[in-house]
Amino acid sequence: MANLLSMIGYIGTGLVIGAYAPQIWHLWTEHCSAGISERAYALWALAAAVFLGHSFMIGDAVFMVTQLVNLVAMAIILVIARRFRNQICAAHARQLHVREWFC
Ligand SMILES: [Zn+2]
């Protein structure tokens, strides 16, 4: 039962990684920080650090790994987003232009 619960937890961790990967890839390859709130990511990173501490205290391995993934991914996003602040790729520029056109 514990193994099944851990497996379900690690599937969740895999989904978390799968969600961050395209975001980081787009930031890094396109130098595009469109739609990224540095303040929100900073708060989420802080929350992940607090959850990581909690997971150590309760000794939950799945939670430790997941919060570590969250913390590292958000730190990477924050550093890259800050580096490419106010830069957007052609695709996002087109989307913003279209939005302005219709609003
Ligand atoms: Zn973009």
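**Notebook: a four-helix chain**

I began with Leu-15, which I found in helix 1. This is a predicted model, and I kept that in mind for each entry below. I counted 11 C-beta neighbours inside 10 Å of Leu-15, and because a residue with 12 or fewer is called exposed, Leu-15 counts as exposed. I then looked up its separation from Trp-44: the two residues are 29 apart in sequence, and their C-alpha atoms are 17 Å apart in space.

**Overall layout**

I next went through the secondary structure of the protein chain and noted 4 helices and 0 strands, which read along the sequence as α-α-α-α. The radius of gyration is 17 Å, well over the 13 Å that the globule rule gives for 103 residues, so I recorded the chain as more spread out than a compact globule. The box filled by the C-alpha atoms, taken along the principal axes, is roughly 55 × 25 × 25 Å. I also noted that 11% of the 103 residues count as buried. Of the contacts with a separation of 6 or more, 78% come from residues 24 or more positions apart.

**Helix 1 against helix 3**

How do helix 1 and helix 3 pack, and at what angle? I found that helix 1 (residues 2-30) and helix 3 (residues 61-83) pack at about 5 degrees, with their axes 10 Å apart. Since angles under 35 degrees count as roughly parallel, I entered the two helices as roughly parallel to each other. By class, their contact has 15 nonpolar and 7 polar residues, and no charged ones. On the helix 1 side I listed residues including Gly-9, Gly-12, Val-16, Tyr-20 and Trp-28, and on the helix 3 side residues including Val-65, Val-69, Ala-73 and Ile-77.

**Helix 2 and the residue after it**

Helix 2 (residues 38-58) has 21 residues, and I found that it reaches 30 Å from its first C-alpha to its last, close to the 30 Å expected at 1.5 Å a residue. Just after helix 2, Gly-59 takes a positive phi of about 70 degrees.

**Two loop residues with positive phi**

I looked up His-31 in the loop between helix 1 and helix 2, and noted a positive phi of about 55 degrees although it is not a glycine. With 13 other C-beta atoms within 10 Å, His-31 is partly exposed. Asn-86, in the loop between helix 3 and helix 4 (90-102), is likewise not a glycine and has a positive phi of about 65 degrees. I recorded Asn-86 as exposed, with 6 other C-beta atoms within 10 Å.

Methods:
Residues numbered from 1 in each chain as written. Predicted model: local features only at pLDDT ≥ 70, side-chain atom pairs only at ≥ 80, totals over all residues. Axes fitted to C-alpha atoms, helices over the stretch in contact; angles between N-to-C directions. Parallel < 35°, antiparallel > 145°, perpendicular 65-115°, else oblique. Contact = placed C-beta atoms within 7 Å. Nonpolar A, V, L, I, M, F, W, Y, C, P; charged D, E, K, R; others polar. Rg over C-alpha atoms; globule rule 2.2 N^0.38 Å. Buried ≥ 20, exposed ≤ 12 C-beta atoms within 10 Å, placed from the backbone. Expected span 1.5 Å × (residues − 1).
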